[in-house]
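Hi everyone, thanks for coming. I'd like to walk you through one structure today, starting with charged pairs and then moving on to how two helices pack.

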Amino acid sequence: MDENKNNHGLDKKFIVVMVAASVLAVAAFVGYLYPGRGVGYAPKQPIPFSHKLHGGDRKIQCQYCHSAVDRSAHSNVPSAAVCMNCHNYVKTDSPHIKKLKEAHDSGQPIQWINVHVLPDFVYFNHQAHIARGVSCDHCHGNVQDMEVVRQVMPVSMGWCVNCHRSQDPPAPIDCSTCHR
């Protein structure tokens with residue numbers, strides 16, 4: 001029997017090429033399902049929002065809008081009511097603020113698009129990181145300088161593990177810390 005063929009007569013190179021093509025096809029399909037996630041991802045939001053104006057120029061603290069970040073596993077996306085605390089009085093003639101007010105008055109939430117998305121099998125606790133003194137910009141970048149928020153860090157397992165290892169003392173890196 002030819003040593004380049006398996007028991008079914010298939011060429012080993014052909015099998016390697018087919019396996020590689022299959023892996024690439026799956027990767028492309030996953031990329032199709034989850035387009036643009038990763039460094040540089042900056043989805044268009046239903047209402048333009050400038051973190052540079054609000055967090056940078058106006059110096060509104062992250063936790064004013066993301067009020068549960070220090071006491072919850074998840075950082076909340078602010079409701080229209082939080083925005084309306086100011087925008088009942090500020091820039092009320094803007095078409096974007098009118099759209100915001102309509103959503104608020106109707107009780108319909110704005111369908112914001114999350115920029116930083118982790119897979120369902122990853123557990124990330126914002127509260128634990130805030131309690132340990134990790135600043136928002138460590139993971140999210142200088143959001144106060146961004147007109148449009150974009151993902152600036154890879155938020156990958158390797159990136160997180162390297163950060164945990166670099167802490168003094170090192171943060172836990174056992175699987176159950178992040179995977180449940």
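Before we look at the pairs, let me fix one term: I call something a salt bridge when a side-chain nitrogen of Lys or Arg is within 4 Å of a carboxyl oxygen of Asp or Glu. And please keep in mind that what you see on the screen is a predicted model.

With that in hand, take R71 and D70. Their closest N and O atoms are 3.5 Å apart, so by the 4 Å cut-off the two form a salt bridge. How accessible are these two partners? R71 is exposed, with a relative accessible area of 56%, while D70 comes out as partly exposed at 33%.

How many salt bridges does the structure hold? The count is 3, so let me show you the others.

One of them joins K52 and D57, whose side chains meet with an N to O distance of 3.4 Å. Here both ends are partly exposed: K52 has a relative accessibility of 30%, and D57 has a relative accessible area of 46%.

Then there is the pair D105 and K101, with the closest N and O atoms 2.9 Å apart. Where do they sit? Both are in helix α5, 4 residues apart, which is about one turn of the helix. D105 counts as exposed, with 52% relative accessibility, and K101 as partly exposed, with 37%.

That brings us nicely to α5 and its neighbour. Helix α4 covers residues 80-87 and helix α5 covers residues 95-106. Their axes come within 10 Å and cross at roughly 125°. Why do I call α4 oblique to α5? Angles of 65 to 115 degrees would be roughly perpendicular and those over 145 roughly antiparallel, so a crossing at roughly 125° fits neither class and α4 is oblique to α5. As for handedness, α4 passes α5 in a left-handed crossing.

Which residues make the contact? From α4 we have A80, A81, C83, M84 and H87, and they meet I97, L100, K101 and H104 of α5. Sorted by class, this contact has 6 nonpolar, 2 polar and 1 charged residues.

Do have a second look at K101 while the model is up. This lysine is among the α5 residues that meet α4, and K101 also forms the salt bridge with D105.

That's my tour, and I'm happy to take questions.

Terms used
Residues numbered from 1 in each chain as written. Predicted model: local features only at pLDDT ≥ 70, side-chain atom pairs only at ≥ 80, totals over all residues. Heavy atoms only, no water. Axes fitted to C-alpha atoms, helices over the stretch in contact; angles between N-to-C directions. Helix = DSSP H or I, 4+ residues; strand = E, 2+ residues; numbered from the N terminus. Parallel < 35°, antiparallel > 145°, perpendicular 65-115°, else oblique. Left-handed = near helix turned anticlockwise from the far one by under 90°. Contact = heavy atoms within 4.5 Å. Nonpolar A, V, L, I, M, F, W, Y, C, P; charged D, E, K, R; others polar. Buried < 20%, exposed > 50% of the residue type's maximum accessible area, 1.4 Å probe, protein only.
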